[in-house]
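Student: I would like to learn how to read the features of a model such as this one, step by step. Please show me the structure, and then let us go through it together.

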Amino acid sequence: ESFPGRGGWTWYTGSAGWFYRVGVQDILGIKKQGNKLKIDPRMPIAWDGFRAIYKYMNTTYNIEVIRKNKEKVIFDNKNIISSTINLIDDEKEHTIVIHTNK
């Protein structure tokens, strides 16, 4: 029996949320925690890296993760210690480059 105008199976509704959680948070490792952005990637072994754009209000964070032997985090062309970034809404573009061996 057909029901025009109604949604499909009930699991369709939650699938986008689960895809976001698994894809963005668990594989790419991009997690917002309050006013901080934590990046801890767990890439598939076949990946050499990835790029992502994260929008925070009117500010853009361009993220690039590269698989390398030595771990390093670069924020706006400066080496930093942590891969947790304080999010600010300064209406600019920021660059985050992470070298990871994971």
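Student: Among the contacts in the protein with a separation of 6 or more, what percentage is accounted for by residues 24 or more positions apart?

Tutor: A contact means heavy atoms within 4.5 Å, and in this protein residues 24 or more positions apart account for 54% of the contacts with a separation of 6 or more. Before we go on, note that this is a predicted model, in which local features need pLDDT of at least 70 and side-chain atom pairs count only at pLDDT 80 or more, while totals for chains, interfaces and linings use all residues. Residues are numbered from 1 along each chain as its sequence is written, and side-chain values use heavy atoms, with hydrogens and water left out.

Student: Which secondary structure elements does the protein have, and in what order do they run?

Tutor: Helices (H or I, at least four residues) and strands (E, at least two) are DSSP runs, numbered from the N terminus. Here there are one helix and eight strands, and from the N terminus on the order is α-β-β-β-β-β-β-β-β.

Student: How are the strands arranged in the sheet that contains S8?

Tutor: Strands of a sheet pair through backbone hydrogen bonds, either parallel or antiparallel. Two strands are taken as paired if DSSP finds at least two bridges between them. In this case five strands form an open sheet, ordered S3-S4-S8-S5-S6, with mixed pairing. Strand S3 (49-56) and strand S6 (78-80) stand at its edges, each with a single partner strand, so one side of each is left without a neighbour in the sheet. Neighbouring strands of this sheet are turned by 25° against each other on average, direction ignored; the axes behind such angles are lines fitted to C-alpha atoms, for helices over the stretch in contact, and angles run from 0 to 180 degrees between N-to-C directions. Within the sheet, strand S4 (residues 59-67) and strand S8 (residues 93-100) run parallel and are joined by eight bridges, and valine 97 in S8 is the bridge partner of glutamate 64.

Student: Is histidine 99, which has its place in strand S8, buried or exposed?

Tutor: Buried means under 20% relative accessible area, exposed over 50%, and partly exposed in between (1.4 Å probe, protein chains only). Histidine 99 has a relative accessible area of 12% and is therefore buried. Leaving aside neighbours within four places in sequence, histidine 99 is in contact with Ile66, Lys68, Lys70, Glu71 and Lys72.

Student: What about the sheet that contains S2?

Tutor: Three strands form an open sheet in the order S1-S2-S7, and the pairing is antiparallel. Strand S2 (residues 36-39) is joined to S7 by three bridges, and lysine 38 stands opposite threonine 84 in S7.

Student: How many aromatic pairs does a search of the whole structure find?

Tutor: Rings of Phe, Tyr and Trp (its six-membered ring) pair if their centres lie within 6.5 Å; planes under 30 degrees apart count as stacked, over 60 as edge-to-face and the rest as tilted. The search finds one pair: the ring centres of tryptophan 47 and phenylalanine 50 are 6.3 Å apart and their planes are at 70°, so the pair is edge-to-face. Phenylalanine 50 counts as buried at 11% relative accessibility, whereas tryptophan 47 is partly exposed at 33%.

Student: What is the phi of methionine 57?

Tutor: Most residues other than glycine have a negative phi. Methionine 57, in the loop between S3 and S4, has a positive phi near 55°, and at 57% relative accessibility methionine 57 counts as exposed.
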